Amino acid sequence: MYEPPFTRDRDANERLAARECDACGWVSFPEFRDICKRCESVGEWTDTELEERGTVQSYVVQQRLPDEFETPLPLAIMDVPQTSGGDPARVYGLFTETDPEHIDIGMKAEADFRRVFDVDGLPVHSFKFKRPRGDRL
Ligand SMILES: [Zn+2]
């Protein structure tokens, strides 16, 4: 039976499910690969879960996008720790509820799981990053 990718990947979209390379500890998120991007081993992976809070490593503020997107729209590269320790995962994510002027390298941000759109009447959930509640300006 045909399943759209966002349905197949639902588990990874309602919590930050990732996989850690058993050979070198590199964390794959969200894509599940057979070959490790860091050590190139075709090895074993262990399921892992990420914290819902990470640190901004870099970001861009998108100013020109198709009409259906609200701009300016920040997109960040985050380092997000695993709940069990080990290396953090590098996660790309859109920001929401955060003034682009208040985003900076090194700031903490948390994943906010939400309904992002509907397809054929079914909600599709994913996450966006935002400043943690206590850190709002
Ligand atoms: Zn590896």
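Residues are called buried under 20% relative accessible area, exposed over 50% and partly exposed in between (1.4 Å probe, protein chains only). The structure is a predicted model, in which local features need pLDDT of at least 70 and side-chain atom pairs count only at pLDDT 80 or more, while totals for chains, interfaces and linings use all residues. Residues are numbered from 1 along each chain as its sequence is written, and side-chain values use heavy atoms, with hydrogens and water left out.

Side chains of opposite charge can pair when their charged atoms come close. Nine salt bridges are found in the structure, a salt bridge being a side-chain nitrogen of Lys or Arg within 4 Å of a carboxyl oxygen of Asp or Glu. A network of these salt bridges links Glu 97, Asp 112, Arg 114 and Lys 130.

A good place to enter this network is Asp 112, which is buried at a relative accessible area of 16%. Its side chain meets that of Arg 114 in a salt bridge, with 2.6 Å from N to O; Arg 114 is partly exposed, at 23%. Asp 112 also forms a salt bridge with Lys 130, here at 3.6 Å from N to O. This second pair joins distant parts of the chain, with Lys 130 in strand S8 and Asp 112 in strand S7, 18 residues apart; strands (E, at least two residues) are DSSP runs numbered from the N terminus.

Lys 130 is itself buried, with a relative accessible area of 6%. Lys 130 also pairs with Glu 97, where the closest N and O atoms lie 3.9 Å apart. Glu 97 sits in the loop between strand S6 (89-94) and strand S7 (108-119), 33 residues from Lys 130, and is partly exposed at 47% relative accessibility.

How values were computed. Helices (H or I, at least four residues) and strands (E, at least two) are DSSP runs, numbered from the N terminus.
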